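Open the model in a viewer and keep a selection tool at hand. The stops below go from the chain interface to single side chains.

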Amino acid sequence: MQRSLSERLWTTAVWAVVIFFVVNLFAMIGTVVLQSFATRWLGTWLPVAYTARWYGSAWDEFQLEDVLLVTFQAVGAVVLASGLLGVPAAYALARREFPGKRFIMLLFLLPMLVPPITYGIPMATVLYRAGIAGTIWGVILSNLVPTVPFVIFVMVPFIEQIDPRIEAAARVFGAGTGRLFLHVLLPLLAPGILAALLLVLVRTIAMFELTFLTAGPDSQTLVVALYYAVFAAGVRSTQSINAMAVIYMATTLLWLLVALRFVNPTQIVTRARREGA
Amino acid sequence: MSVPLRLRLAQRGLDSTTLLIAPAALFVVALFVYPFLYGLVLSFQPKTGGMFANYARFFSDPFLYDTVSRTLWIAVPVTLLNLLVAVPVAMRVRRMRRQRLLTTILVIPITLGTVLVAEGLLNYLGPQGWLNRALIWAGLADAPVRLVHNYWGVFLSLVITGFPFTFLLTLSYVTGIDPALEQAGAMLGARARARFAHIVLPLLMPGLAITFCLSFVQAFSVFPSAVLLGAPAGPTRVISIAAYTAAFEEYDYAMASAIAMVMAAAQVGTVILVLLLRRLFYSGPVSGGKG
């Protein structure tokens, strides 16, 4: 097909926009990484000299050992609990038709659509009055609000594509509910569960708003600690804040890389196609 | 009257398997629905004054009610820009074989989150940052352009995190349109622009409306970058900052709840408006059928 000049110009313009965006994105990330290794970087294209000592000072100044421990405890608990709550619910939603199902679906859809800061403020109020907020339990509970529905919406279409006759066959051969679950369903569902939980993991490490609203001084996760460090910029050197930012990036991107081995990148944004939205 | 209740319920789909939904549903009710209703009730129980005192205060104090227009002034242009750029890019990318590299790159800023993007942009857009150096070097500016601690800092951070989100969502809708429909148009002699305007765009409209809503709601609830990259006391004092200040600096939870309710109402209002506008356009299947 012969393409006209204006069409080719248009294509070039579209790609130019994409390349411009990606270049700026990488330059922004590059600035953070370079800054964290810089001895001094003022008024030049590149730092004067390089050093790794900011990582040591960031580790001590921001008590990253404690912060990382809290982060992994909270994230681990969120991943586990959202799997335990979400997968059985998704199984029931995929296998049963019952009155009020649309209403239940809407109930699970809302926490994913309403932005965290909007429902986070009343939720933090309730959690503070109950004495849960300010502890790691507050962080875990608040982070479960978007992740449980997320697991459900990733898992429902996955379970629907598994033939229910497989379960029926297992029943015919005398498998009880326990064995059916352990030997038939779990192996079949494992790839879907893995993908869903990895996405929960990545999202929870990066979840700022809910953790910020419910964390106390001892229950800050990495992203909240980073926020406070940037907020109080000037107290610490820029380089050690950036060293912390690099540690945060490394943590997040490591898990993103793991997750991307099992899921399509678009899944991080779009949920199952048949969500009805 | 011989069929036991259990069987009758099972016939309607209510058996022990259905009960597996209960823990998750109860959790969402306890930590999402209940707090929201609690906040709604609390907002009508102000520290001082009558039932509507919080809302009366919000809509009479310019320091508070201005936050709505300020947030809109950031969120609407950003969302429109992201959407207008995302559509042509998605139209191009859907024909690409190796989409995965691009989608992987674009997922990075979403994964890193707004706090890290704010920290990165503080360096990158700052007076000594690479962007300003490049502008001066290219002769596009004489002195560093002020891009942080003002409106543009927040705007650009919402482009960095918002564009990939909008784009990936648009891409998933664009790839859902059956290419055979466009080929049919091409065979009948429609040029690319006509095919887009008369075939793709009408089919895409419902998806674009949803994308606009989701992107807008995210931009409207901007928080960390408005504090870190903006001027939180001035032009980028967005509504989430007002709610946060009321709750955690003034400890006036009733007022904070009222502001959160205004925020939710503004978001829901915009979504309803967009969905009503969408009704003016075609709605129907996006795949070519036999019928």
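Contact here means heavy atoms within 4.5 Å. This is a predicted model, and the values quoted at each stop are computed from it.

**Stop 1: the interface of chain A and chain B**

Colour the two chains separately and select the residues in contact. The selection holds 94 residues from chain A and 90 residues from chain B. The buried area between chain A and chain B is about 7,900 Å², with 79% of it on carbon and sulfur atoms. The size of an interface is often given as the accessible area lost when the parts come together.

Next, look for charged and polar pairs across this interface. How many salt bridges are there between chain A and chain B? The count is 1. To see this salt bridge, select Glu7(A) and Arg191(B), whose side chains meet at 3.6 Å, N to O. Polar contacts across the interface of chain A and chain B come to 11 residue pairs, both residues at pLDDT 80 or more.

Now hide chain B and keep the side of chain A that touches it. Helix H1 of chain A, residues 5–36, gives the most to this side, with 20 residues. By class, the side of chain A that touches chain B has 71 nonpolar, 15 polar and 8 charged residues.

**Stop 2: the two domains of chain A**

Stay on chain A and select residues 1–51 as domain 1 and residues 62–275 as domain 2, following the domain assignment. The C-alpha centres of these two domains of chain A are 32 Å apart. In contact are 8 residues from domain 1 of chain A and 7 residues from domain 2 of chain A.

Between them, domain 1 and domain 2 of chain A bury about 580 Å², and 71% of this is on carbon and sulfur atoms. Which residues of domain 1 of chain A lose the most area to domain 2 of chain A? Select Val32(A), Gln35(A) and Ser36(A): together they make up 67% of what the domain 1 side buries.

Across the interface of domain 1 and domain 2 of chain A there are 0 salt bridges. For polar contact, 1 residue pair is found there, with both residues at pLDDT 80 or more. The side of domain 1 of chain A that touches domain 2 of chain A divides into 4 nonpolar, 3 polar and 1 charged residues.

**Stop 3: salt bridges within the chains**

Show both chains again. Over all chains, the structure holds 8 salt bridges. Side chains of opposite charge can pair when their charged atoms come close.

Begin with Arg236(A) and Glu61(A), which form a salt bridge with their closest N and O atoms 3.7 Å apart. Arg236(A) is in the loop between helix H10 (222–231) and helix H11 (238–260) of chain A, while Glu61(A) is in helix H2 (residues 53–61) of chain A, so the pair links distant parts of the chain, 175 residues apart. Arg236(A) is partly exposed at 35% relative accessible area, and Glu61(A) is partly exposed at 28%.

Move to chain B and select Arg57(B) with Asp252(B), a salt bridge with closest N and O atoms 3.9 Å apart. Here Arg57(B) sits in helix H3 (residues 53–60) of chain B and Asp252(B) in the loop between helix H11 (239–248) and helix H12 (253–278) of chain B, 195 residues apart. Are these two partners buried or exposed? Arg57(B) counts as partly exposed at 36% relative accessibility, whereas Asp252(B) counts as buried at 9%, because buried means under 20%.

Then select Arg195(B) and Glu182(B), a salt bridge at 3.3 Å between the closest N and O atoms. Arg195(B) belongs to helix H9 (residues 192–220) of chain B and Glu182(B) to helix H8 (residues 179–187) of chain B, so the pair ties together parts 13 residues apart in sequence. Arg195(B) is buried at 11% relative accessible area, and Glu182(B) is buried at 12%. Add Arg94(B) to the selection: salt bridges that share partners join Arg94(B), Glu182(B) and Arg195(B) into one network.

**Stop 4: Ser219(A)**

Return to chain A and centre on Ser219(A), in the loop between helix H9 (209–214) and H10 of chain A. Ser219(A) counts as buried, at 2% relative accessibility. What does the side chain of Ser219(A) reach at 3.4 Å? The partner is the backbone oxygen of Gly134(A). A polar atom of the Ser219(A) side chain also lies 2.7 Å from the backbone nitrogen of Gly216(A).

To finish, show the residues that Ser219(A) touches, leaving out those up to four places away in sequence: Val70(A), Gly134(A), Thr135(A), Ile136(A) and Val139(A).

Notes
Residues numbered from 1 in each chain as written. Chains lettered and ligands numbered in written order. Predicted model: local features only at pLDDT ≥ 70, side-chain atom pairs only at ≥ 80, totals over all residues. Heavy atoms only, no water. Buried area = accessible area lost by both parts, 1.4 Å probe. Salt bridge = Lys/Arg side-chain N within 4 Å of Asp/Glu carboxyl O. Polar contact = N/O pair within 3.5 Å; in protein donor to acceptor, adjacent residues only side chain to side chain. Helix = DSSP H or I, 4+ residues; strand = E, 2+ residues; numbered from the N terminus. Nonpolar A, V, L, I, M, F, W, Y, C, P; charged D, E, K, R; others polar. Domains from an automatic or database assignment. Buried < 20%, exposed > 50% of the residue type's maximum accessible area, 1.4 Å probe, protein only.
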